[in-house]
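Hi everyone, thanks for making room for me today. I'd like to walk you through one structure, so have a look at it first.

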Amino acid sequence: MALLEVRDLKTHFRTPDGIVKAVDGVSFTLEAGETLGIVGESGSGKSVTALSIMRLNPQPPCYYPQGEILFEGRNLLEAGERELRDIRGNDIAMIFQDPMTSLNPVFTVGDQIMEAVRIHQKVSKKEAKDIAIQALRDVGIPNPERRVDEYPHQYSGGMRQRAMIAMALACNPKILIADEPTTALDVTIQAQILELMVELQEKYGTAIIMITHDLGVVAQLADKIMVMYGGRAVETGTTDDVFYDPLMPYTWSLLRSIPRLDKAGEVRLLPIRGQPPSLIFLPPGCNFNPRCPFAKDKCREVDPPLEEKRPGHRAACILSLQEIEESKHRVDEELGVEQ
Amino acid sequence: MLAYIIRKILFSIIILFVASFVIFYLVSLSGDPLQELALNPRVSQEDIERLAATYGLDQPVYVQYGIWIRDILLYGDFGLSFKQNTDVNSIIAARIWPTVLLMGSSLIFTLAIAIPFGIYSAIKKYSLIDNIGTFLSFVGFAMPVFFLGLILQLVFAVYLTEWLGVRVFYVSGMSSRGGGVIDLLQHLFLPMVTLSVVSIATFTRFQRSAMLDVLSAEYLRTARAKGLSERTVYLKHALRNALIPTITLIALSAVSLIAGAVITETVFSWPGLGFLLIDSLYKGDYNVARALLLITAVLTVLFNLLADIAYSIVDPRVSYD
């Protein structure tokens with residue numbers, strides 16, 4: 001049994017303009033100690049997927065019309081508030097994008113870590129503080145005995161994200177969900193935070209769901225990848241599969257839109273034209289067809305399911321494997337990419 | 001922090017000197033305390049001149065001010081009342097307790113209603129109770145204090161007494177002869193409510209919007225992600241942040257409470273400082289008026305300073321270094 005199995009999850013929001021299908025039929029599994037990267041642009045549904053696992057989307061307007069989120073066999077979509085609170089922070093912990101606003105400014109960092117420890121473990125205040133100091137030391141905060149009593153505003157941005165990680169890992173969770181943990185940080189700090197996460201994962205065997213729009217981040221960290229577009233998973237596979245042989249035109253376009261240091265000035269970049277689809281009025285056929293460089297007539301008629309194109313490598317594209325390879329080749333020639 | 005407070009106090013002293021002169025001068029302009037005596041045929045011109053010399057009234061205004069402020073600073077002596085043949089200090093001392101009682105109970109009453117209600121309104125935004133609260137707040141804002149006082153007197157002290165045949169609330173004064181604590185509360189209730197209505201309206205709206213600001217904060221999501229109950233999320237993580245602006249407002253609103261007390265005490269003949277101020281201005285008891293205005297100025301400056309200090313205590317991000 002997988003540690004976490006999400007089956008055909010739908011997370012919808014009722015709004016005055018209509019129902020927003022933020023997540024519309026997403027499935028994936030996560031094994032213990034594994035890292036799953038969820039990639040997609042803003043509004044693709046990746047954060048809502050993460051918050052659905054924690055059941056932290058505000059209800060209403062959010063509701064779950066379909067699907068199952070099985071954590072160790074228990075369906076979290078049917079769990080009561082009490083049961084969810086026991087799981088949150090203890091079995092599944094989460095860190096957020098902006099460490100500047102994710103810590104409560106009026107409590108010390110130590111208090112906030114101790115609070116997480118004390119709701120899930122029967123420990124004294126003194127013991128909780130020792131755990132907090134140890135957690136801060138684990139994430140590389142210098143002088144944790146003193147830092148534990150400081151307020152978040154006395155920490156730098158990178159240190160706050162370290163403190164968030166310390167808080168998330170203080171209860172030794174089985175799953176850590178990281179929602180764009182490095183987006184708000186500058187590049188050198190980003191690298192340090194990612195290294196830290198890998199290091200702690202090796203030490204504690206925590207499974208990680210890494211949500212990002214930064215392909216570099218998942219390439220570095222993830223064992224497998226799920227690419228999301230318009231509330232759906234459009235490609236899943238191992239990190240190597242997805243990066244070296246992307247089969248969904250969206251993934252391929254994303255990779256072609258990134259400048260490459262080794263081909264600078266030789267190759268044109270491929271911009272993805274247009275806007276992400278409205279999650280209220282999705283285009284007919286494939287969600288990506290209005291922006292797809294490979295689109296054919298049938299793409300406007302058929303909504304493609306996520307199907308296995310190669311062993312363990314799924315993509316939601318109606319084109320055959322051969323058609324996809326031909327299209328890639330054709331567009332590459334236009335861009336000047338050498339085969 | 002200490003350096004900031006000292007700087008602020010030094011600055012306050014300058015402000016208070018300017019304010020004290022303005023107060024003294026404006027009250028002098030409003031009339032001559034000996035004018036009334038001059039109209040009395042039984043008081044001779046010599047008597048008037050002797051009185052003028054005794055009180056320093058024949059001196060130019062800035063000399064009079066100098067004597068006045070010197071006595072206050074050196075001896076804490078606010079001078080003599082021209083009307084009551086006694087010193088201003090003892091007149092004021094007798095009136096402090098009623099005002100402290102009225103303002104203090106009003107502040108507690110206000111906060112006890114406004115803070116929980118503001119928070120509830122924010123959490124249950126646009127619910128029926130929130131909408132009713134919003135409506136009542138605007139009514140409270142729009143209601144002039146003297147009018148509200150009169151209406152409450154009519155309804156709760158006159159009609160209610162007629163209807164029940166027993167007096168529950170009193171129209172005026174602070175106590176009946178030989179009355180105890182219950183009697184005091186029967187007198188206190190209506191002026192306290194009158195004085196509180198505008199502040200309740202202000203504080204409820206203020207607390208509601210402060211709480212709404214906090215409710216969308218990301219650190220509440222972090223708190224929920226830790227596994228905290230909604231109760232703890234609201235009452236610990238949100239409330240602590242939402243109270244920061246309110247605490248500052250409490251200190252600052254103490255000043256407007258003084259202004260409200262002047263009207264309320266007059267309407268209810270409450271024997272406090274506000275009633276005394278109006279009374280002394282009508283009667284031309286100038287030294288009493290000056291003393292009360294100066295005390296108000298000192299309190300205003302003091303509460304502003306307290307607001308700053310309170311702010312740095314409740315919000316760890318604020319430091320004045």
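I'll start with the place where the two chains meet, then move on to chain B. Keep in mind that this is a predicted model.

Okay, so how many residues does each chain put into the contact? Chain A brings 23 residues, and chain B brings 18 residues. On the chain A side, the elements giving two or more residues are α2 (81-87), β6 (92-95), α3 (99-102) and α4 (109-120). Which of them gives the most? That's α4(A), with 4 residues. And if you sort the chain A residues that touch chain B by character, you get 11 nonpolar, 7 polar and 5 charged.

Now over to chain B. Chain B splits into domain 1 (2-75) and domain 2 (96-314). The C-alpha centres of these two domains of chain B lie 34 Å apart. They do touch, though: domain 1 of chain B gives 12 residues to the contact, and domain 2 of chain B gives 12 residues too. On the domain 1 side, those residues are 8 nonpolar, 3 polar and 1 charged.

Last bit: the UniProt record. In an unreviewed entry, UniProt puts "transmembrane region" on several stretches of chain B, including 135-160 and 184-203. What do those two stretches look like in the model? Residues 135-160 of chain B are 92% helix and 0% strand, with the end C-alpha atoms 26 Å apart. Residues 184-203 of chain B are 100% helix and 0% strand, and there the end C-alpha atoms are 27 Å apart.

That's my tour, thanks for listening!

How values were computed. Residues numbered from 1 in each chain as written. Chains lettered and ligands numbered in written order. Predicted model: local features only at pLDDT ≥ 70, side-chain atom pairs only at ≥ 80, totals over all residues. Contact = placed C-beta atoms within 7 Å. Nonpolar A, V, L, I, M, F, W, Y, C, P; charged D, E, K, R; others polar. Domains from an automatic or database assignment. UniProt positions renumbered as here; feature names shortened; annotations may be inferred.
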